[in-house]
Amino acid sequence: MGRRGKKKGRPVSGWVVLDKPVGMGSTEAVSKIKWLFQAEKAGHAGTLDPLASGMLPIALGEATKTVPYVQDGAKIYRFTVAWGQERSTDDLEGPVTKSSDLRPAETEVRALLAKYTGVIMQTPPQFSAIKIAGERAYDLAREGETVDIPAREIEIGRLDVVEHHADHTVFEVECGKGTYVRSLARDMGRDLGCFGHISDLRRVEVEPFTSEDFVTIAELEAARFGAQGEDKPKPADDADAIEVPVDFSAIDALLVDTSAALDCLPQIAISDDAATKIRLGNPVIIRGRDAPVEAEEACATARGKLVAIGAIEQGMFKPKRVFAG
């Protein structure tokens, strides 16, 4: 058998809470961050369309194991609906498919909010990543096909009007996993009889992260390359290509710790000896007056460092997913 090749990149772990600019795709953003950190592994927790800006949490290294917890977190979007036109993509990218001279009054818009709050059924856009018979809906839509996408249950915690103008309204929505803001614009426009589409979209929060965690590409580049400015090296065609590292301390300082994604779980402090046993896949007895006896999922830490995610059964922590020390 041939020898397995050595992994390319550094074994760096943590979260980059990127303030993604308009025009950059989510996959492109992940490649850029992976290259800047020269990381072995990277992935994002929830796609953000190229025309949208804002929070794109990107996991590096061991943090990729916590991506599902961030994907399940509540999200907050600030978005603008332009009234008078419906578009094929439900945003500015697609051509106009329906139009109207009607424009809604603010009272009419506000009267709709209750209908779109709580647990509701929503049909995703034609241009979405939903799979239909094994193919992505956006691939079928680009080929000119109109597909029947079934409605699905989503949850919207709140929907507020921030500003109302003659031809557009600015909203803020707090919603759960699987919500399409473009569908909100489309459906509200149809209900108002004037049609509508997203003209601006910004994701401002992805639980547990907030805007205080934001970092921009420019800040990351400055931390990585310092005073080199325009002389900084350009990414190679191969996203995994590695440069000779110099000093990553400044850019690594911008990472949010891996454990931040697990704030939703009970936190169990364990000893160094217990951490060693857990990393070998062994269960350990949980000690301490406040330790839970039962928990479907909990987070074990030693000296403040993440050790494992596991279940607590009859006072014992049983590891399911272990993290490197």
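The following questions and answers concern a predicted model of a protein.

User: How many helices and how many strands does the secondary structure of the protein come to?
Analyst: The protein has 325 residues, of which 46% are buried. Among its contacts with a separation of 6 or more, 71% are made by residues 24 or more positions apart. The secondary structure of this predicted model comes to eight helices and 17 strands.

User: What share of the exposed area of the protein do carbon and sulfur atoms supply?
Analyst: The area that the protein exposes comes to about 16900 Å². Of that area, the share supplied by carbon and sulfur atoms is 49%.

User: Why does C264 not form a disulfide with the closest cysteine, and how many disulfides does a search of the whole structure find?
Analyst: C264 is exposed, because its relative accessibility of 57% is over the 50% limit. The closest cysteine sulfur to that of C264 belongs to C299 and lies 9.0 Å away, and because a disulfide needs two sulfur atoms within 2.5 Å, this is too far for a bond. Over the whole structure, the number of disulfides found is zero.

User: Is P104 buried or exposed, and which residues is P104 in contact with, leaving aside its neighbours within four places in sequence?
Analyst: P104 lies in the loop between β6 (96-99) and α3 (106-112), and it counts as buried because its relative accessibility is 7%, under the 20% limit. In space, the C-alpha atoms of P104 and G193 are 8.5 Å apart, although 89 residues separate the two in sequence. One of the contacts of P104 is with C194, which is itself buried with a relative accessible area of 1%. With neighbours within four places left aside, the residues in contact with P104 are W83, V109, H164, L192 and C194.

User: Which residues does D19 touch, not counting those up to four places away in sequence?
Analyst: D19 is part of strand β1, which covers residues 14-20. Its C-alpha is 8.9 Å from that of R203, a residue 184 positions away in sequence. Not counting residues up to four places away in sequence, D19 touches G54, R202, F214, V215 and T216.

User: Which two residues does a cis peptide bond join, and what is omega?
Analyst: The proline of this pair, P208, is found in the loop between β12 (196-206) and α6 (217-225). The cis peptide bond joins E207 and P208, and its omega is about 15 degrees.

User: Phi of Q38 and phi of Q314 are both positive, so which of these residues is buried and which is exposed?
Analyst: Phi is near 50 degrees in Q38 and also near 50 degrees in Q314, a positive value in a residue other than glycine. Q38 is found in the loop between α1 (26-37) and β2 (42-44), whereas Q314 lies in the loop between β16 (305-313) and β17 (316-322). Because buried means under 20% relative accessible area and exposed means over 50%, the 3% of Q38 makes it buried, and the 70% of Q314 makes this residue exposed.

User: Which residues are closest to the centre of the second largest pocket?
Analyst: The second largest pocket holds about 360 Å³ of space, and 14 residues line it. This lining divides into six nonpolar, four polar and four charged residues. Closest to the centre of the pocket are S13, D257, T258, K305 and A324.

Terms used:
Residues numbered from 1 in each chain as written. Predicted model: local features only at pLDDT ≥ 70, side-chain atom pairs only at ≥ 80, totals over all residues. Heavy atoms only, no water. 1 Å grid on protein atoms, 1.4 Å probe; cavity = no way out; pocket = protein on both sides within 12 Å on 5 of 7 lines; lining within 4 Å. Points joined across faces, edges and corners; volume = space filled by probe spheres on them. Nonpolar A, V, L, I, M, F, W, Y, C, P; charged D, E, K, R; others polar. Buried < 20%, exposed > 50% of the residue type's maximum accessible area, 1.4 Å probe, protein only. Helix = DSSP H or I, 4+ residues; strand = E, 2+ residues; numbered from the N terminus. Contact = heavy atoms within 4.5 Å. Areas by Shrake-Rupley, 256 points an atom, 1.4 Å probe, with all protein chains shown as cover.
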